[in-house]
Structures are given as C-alpha cells and as structure tokens.
Amino acid sequence: MQAGKPILYSYFRSSCSWRVRIALALKGIDYETVPINLIKDGGQQFSKDFQALNPMKQVPALKIDGITIHQSLAIIEYLEETRPTPRLLPQDPKKRASVRMISDLIAGGIQPLQNLSVLKQVGEEFQLTWAQNAIISGFNALEQILQSTAGTYCVGDEVSCPQVFLYYRFKVDCTPYPTISSINKRLLVLEAFQVTHPCRQPDTPTELRA
C-alpha cells in the first residue's frame, strides 16, 4: 500500500461502509480497501487485529492523516472539515441541520435495528420481519421529512451522503415512499454512487457482482 494513502476497512454489503465510500468518491480521495468479512471465520471484525483498530468491532474504519476514525458520520464530518471542496454539507445552517438530522435518522434510527449483530439476537425465523418493521418505521418518518426538505436530492439540489440500500436487501415495498424512491433513483445514476455500489466492491462475491 502506498505510504500516506488512506485505508478504508469495509464490507461490501455494509450500508455504513457504502456511505463512507460515497463520501470518498465525491471528494475525489484515492484510498485502499481492506475487506472485513462480517460473516467469514465467525466474523473477521472480532479478530484481535481488528479489535485493536476498532474496539467496537464494526465497519467502517478509516486510517487517514495518521489517525483512525470509526463511525461513518464522524468519518464524513472529518473529510468535510479537512477537505472542504467539493462540499457535502450545504452552506446554509438550516439546510446543514436538515442533512445532519436525516443522516442521524438513518444511521441511528434505522440501521442499528437491522444490523447483523441485532438480527442474530432476534433469531433466523424472525429476522426478515424484524428488519422490515424497523425499515418501515424509519421510512415512514423519512418520507414525511423529505417532503419538506427535498429538491433534486434529500436537501435541496446538492448531493449529501445518506443512501438507501436497505429496502432492496430486505424486500420492503417502496410504493408508499415515492420521495425516497425518486431521490434514490437520481442518486444511483451518479458515478460516485455507481463505483461504490455494493455490487462493485473488491470483496463482492462473484454471484452478486454487476
């Protein structure tokens, strides 16, 4: 690996990892990927080496500028503060607050409830229903919020960084969420979203590649 080059510890299917990949792509930051398979070998995130890197045993983690940062939103905030162009947060403070609110809703209010560690506790028989209920609850709120904040994208016409992958993975009916669906379609045609997509990562299984 090149000296000084950022290193992203990532899992192809992790929505939080994808969020960081999008931010890195939008910022034009070249980086190396170290795949952490959350299933193989009982979960590579539980290895001693990775626990030393991130005691929370979660992806993503980003080594950059001589430090290691965990948690996707903290990583994106750091990138925004140290590499402010092109920007991911609007200049207007009210719009910035909306972006952060939407990001927190997704990262704190939806994703943790359908993460692998939680689904294991629920039990295989109930996993799909549990995940769908968590997503539907969050999307009901998100759809309502976006109706007042959205333009071309989530907040006005500038690209920020939250993304929607969950309702595809867990087969949630997107019909009740026309605003979420239309924004998602517009984002998925952007190069930064295409090259970072879970189906195009170094650790994407052959059968899931596109």
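This is a short chat about the two domains of a predicted model and the strands in one part of it.

User: What kind of model is this, and which residues count for local features?
Analyst: The model is predicted; local features need pLDDT of at least 70, side-chain atom pairs count only at pLDDT 80 or more, and totals for chains, interfaces and linings use all residues. Residues are numbered from 1 along each chain as its sequence is written, and side-chain values use heavy atoms, with hydrogens and water left out.

User: OK. Which domains does the chain have?
Analyst: Domain 1 covers 7-86 + 195-204, and domain 2 covers 93-190. These bounds come from an automatic or database domain assignment.

User: How many residues does each give to the contact?
Analyst: Domain 1 gives 15 residues and domain 2 gives 17. Contact here means heavy atoms within 4.5 Å.

User: And what separates their centres?
Analyst: The distance is 20 Å, taken over C-alpha atoms.

User: How much area do they bury between them?
Analyst: About 1,400 Å², with 62% of it on carbon and sulfur atoms. Buried area is the accessible area (1.4 Å probe) that two parts lose on being put together, summed over both.

User: Why quote an area at all?
Analyst: Interface size is often given as the accessible area lost when the parts come together.

User: How many salt bridges cross the interface of domain 1 and domain 2?
Analyst: The rule finds one. It asks for a side-chain nitrogen of Lys or Arg within 4 Å of a carboxyl oxygen of Asp or Glu.

User: What about Arg-100, which residue does it form a salt bridge with?
Analyst: Glu-77. The closest N and O atoms are 3.0 Å apart.

User: Which elements give two or more residues to the domain 1 side?
Analyst: Helix H1 (15-27) and helix H3 (72-82). Helices are DSSP runs (H or I, at least four residues), strands are too (E, at least two), and both are numbered from the N terminus. H1 has the largest share of that side, seven residues.

User: New topic. How do strands E3 and E4 pair?
Analyst: E3 (residues 61-64) and E4 (residues 67-70) are antiparallel, over four bridges. Two strands pair if DSSP finds at least two bridges between them. Leu-62 stands opposite Ile-69 in E4, and Lys-63 has Thr-68 as its bridge partner there.

User: What sits between those strands?
Analyst: Two residues. In this hairpin, Asp-65 takes a positive phi near 55 degrees.

User: And how many bridges join E1 to E3?
Analyst: Three, with E1 (residues 7-10) and E3 running antiparallel. Ile-7 stands opposite Lys-63 in E3.
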